[in-house]
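User: I would like a close look at one part of this model, the pair formed by helix packing and the charged side chains around it. Please set it against the rest of the chain as you go.

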Amino acid sequence: VDEIVIDRHDSGFVQGPKTNNDGLNEMINNLGEKDPDVIFLLETLGNGCFKNEDYNDALRYYRQALDLKMQTLGQEHPDVADTLSSIGMIFKNKNLLDDSFNALKASLSIYQANAEKKRRDDNLQVKAVNVINDIGNIFFEKGEIDSALAHYEEALIMARKVNSPGVIADSCSNIASVHALRGNQAAAIENYHEALEKLIELCGEDDPRVANILNNLGTLYFRSDNFNFAMKSYKQVLKMRRQLFGHEHVSISDVLVYIALVHEKQNNFERAEQIYDEALRIATNELGDKCIRVANIKSRLANVYEHYEKDRQAILYYNDALDIYRMNGIEEDNYLIQDNLQRVNLLDQKRQNEDLVELFPCFNPFGGSHTLLHIF
């Protein structure tokens with residue numbers, strides 16, 4: 001439940017259909033490679049490959065388009081910045097963060113220069129703000145949180161000036177993510193609420209980013225022990241994701257786990273067990289029974305069984321989780337292994353002590369007299 005989903009805006013990237021090379025080659029033969037329609041098709045191919053996570057092919061098409069744009073439009077044209085921005089996002093997805101930063105900085109420089117010439121062209125200003133957010137995301141990924149926050153705050157100031165609800169929402173969401181990371185819950189909640197308001201104003205309540213922000217708000221309320229608000233947020237997310245993805249999507253399983261955790265905190269273990277069972281069924285069907293997320297749910301179910309004193313079932317589920325973690329290469333010193341192993345050992349010891357008490361009624365596992373003194 002501690003996971004914060006960071007909804008980053010990919011500047012310059014427009015999803016498009018994947019097109020085959022035959023159409024490209026035919027168009028080049030008929031029109032010549034510098035024709036605007038050829039450049040447009042190259043970018044469409046790049047967008048399609050990006051959407052399908054074919055990053056190497058996407059990068060190849062974008063670079064071809066970039067070269068032709070520079071030849072025909074000049075190196076400082078805003079369309080050149082668009083392609084540089086897309087290339088920057090390709091590098092980011094390939095975890096080439098320095099290359100991503102350089103491409104995004106070059107894109108930003110072009111946007112800013114053109115916006116200055118055109119005396120506050122709002123469209124160019126919005127594109128510049130998007131890239132500033134993207135650069136902030138690069139710093140966030142590199143762990144340079146102060147630099148990330150500085151870029152997000154700069155982006156928010158500019159977004160307010162051009163009164164762009166979408167960019168304000170992106171900037172506020174990113175700022176909230178930094179505050180959440182630093183444990184500043186109040187500031188994170190305040191920024192997420194502003195992001196939520198702007199996104200709903202722009203896109204309505206059915207946009208997937210609205211669900212992400214509600215999920216983050218639920219997590220922050222959970223951390224603040226405000227379980228009623230956490231439950232309300234998670235139930236809204238569940239309703240929205242079911243409308244978007246149906247009832248059997250793996251993201252439904254994730255939200256159900258969060259809801260079950262709230263029930264645990266409220267000592268409603270029977271309801272928590274029912275919801276964990278549903279989450280486990282969906283996750284197993286969608287991901288298979290050897291997935292780490294399945295192991296995590298089994299571990300939570302085992303914890304519920306402990307509260308019921310169903311120790312045999314708890315041990316079974318803890319051991320199942322341990323087997324899956326080890327199968328996935330989790331090291332023995334990882335907390336996932338250690339936490340579950342500790343619970344198994346404690347429950348095993350408890351069972352051994354209970355067996356001894358049955359055999360020898362005067363046996364006291366706590367030492368000394370077998371008569372226990374009660375504090376209350």
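What share of the contacts in the chain with a separation of 6 or more comes from residues 24 or more positions apart? After that, please look closely at helix 2 and helix 3.

Analyst: This is a predicted model, and every value below is computed from it. Residues 24 or more positions apart account for 58% of the contacts with a separation of 6 or more. The chain has 16 helices and zero strands. Of its 376 residues, 48% are buried.

Now to the part you asked about. Two packed helices are described by the angle between their axes and the distance between the axes. For helix 2 and helix 3, the angle is about 155 degrees and the axes are 8 Å apart. Helix 2 is therefore roughly antiparallel to helix 3, because angles over 145 degrees count as such. The crossing of these two helices is left-handed.

Which residues make the contact between helix 2 and helix 3? On the side of helix 2 they are Val38, Ile39, Leu42, Glu43, Leu45, Gly46, Asn47, Cys49 and Phe50. On the side of helix 3 they are Tyr55, Asp57, Ala58, Tyr61, Tyr62, Gln64, Ala65, Leu68, Lys69 and Thr72.

Two residues in that list, Glu43 and Lys69, deserve a closer look. Side chains of opposite charge can pair when their charged atoms come close. Glutamate 43 and lysine 69 form a salt bridge, with N and O 2.9 Å apart. Glutamate 43 belongs to helix 2 (residues 36–51) and lysine 69 to helix 3 (residues 55–73), so the salt bridge links distant parts of the chain, 26 residues apart.

Are the two partners buried or exposed? Glutamate 43 has a relative accessible area of 18%, and because the cut-off for buried is under 20%, it counts as buried. Lysine 69 is at 5% and is buried under the same cut-off.

The structure holds 17 salt bridges, and some others can be set beside this one. Arginine 281 and glutamate 248 form a salt bridge in which the closest N and O atoms are 2.9 Å apart. Arginine 281 lies in helix 13 (residues 269–287), while glutamate 248 lies in the loop between helix 11 (227–245) and helix 12 (250–265), so this pair ties together parts that are 33 residues apart in sequence. Arginine 281 is partly exposed at 38% relative accessibility, and glutamate 248 is partly exposed at 36%.

Another salt bridge joins aspartate 254 and arginine 293, with N and O 2.6 Å apart. Here aspartate 254 is in helix 12 and arginine 293 is in helix 14 (residues 292–308), 39 residues apart. Aspartate 254 is partly exposed, with a relative accessible area of 25%. Arginine 293 is also partly exposed, at 35%. In addition, salt bridges that share partners join Asp170, Asp207 and Arg209 into one network.

A second helix pair can be described in the terms used for helix 2 and helix 3. Helix 6 (residues 122–141) and helix 7 (residues 145–162) pack at about 165 degrees, with their axes 8 Å apart. That angle makes helix 6 roughly antiparallel to helix 7. Their crossing is left-handed. The residues of helix 6 in this contact include Val126, Val129, Ile132, Ile135 and Phe139. Those of helix 7 include Ile145, Ala148, His151, Tyr152 and Met158.

Two loop residues have backbone angles worth noting. Asparagine 95 has a phi near 65 degrees, a positive value in a residue other than glycine. Asparagine 95 sits in the loop between helix 4 (78–93) and helix 5 (97–117). At 58% relative accessibility, asparagine 95 is exposed. Asparagine 267 likewise has a positive phi, near 60 degrees. Its loop lies between helix 12 and helix 13, and asparagine 267 is exposed, with a relative accessible area of 57%.

Finally, there are the cysteines and the disulfide count. The count of disulfides is zero. Cysteine 203 is partly exposed at 34% relative accessibility, whereas cysteine 291 is buried at 19%.

To return to your part: helix 2 and helix 3 pack with their axes 8 Å apart, and a salt bridge joins glutamate 43 to lysine 69.

How values were computed. Residues numbered from 1 in each chain as written. Predicted model: local features only at pLDDT ≥ 70, side-chain atom pairs only at ≥ 80, totals over all residues. Heavy atoms only, no water. Disulfide = S-S within 2.5 Å. Buried < 20%, exposed > 50% of the residue type's maximum accessible area, 1.4 Å probe, protein only. Salt bridge = Lys/Arg side-chain N within 4 Å of Asp/Glu carboxyl O. Helix = DSSP H or I, 4+ residues; strand = E, 2+ residues; numbered from the N terminus. Axes fitted to C-alpha atoms, helices over the stretch in contact; angles between N-to-C directions. Parallel < 35°, antiparallel > 145°, perpendicular 65-115°, else oblique. Left-handed = near helix turned anticlockwise from the far one by under 90°. Contact = heavy atoms within 4.5 Å.
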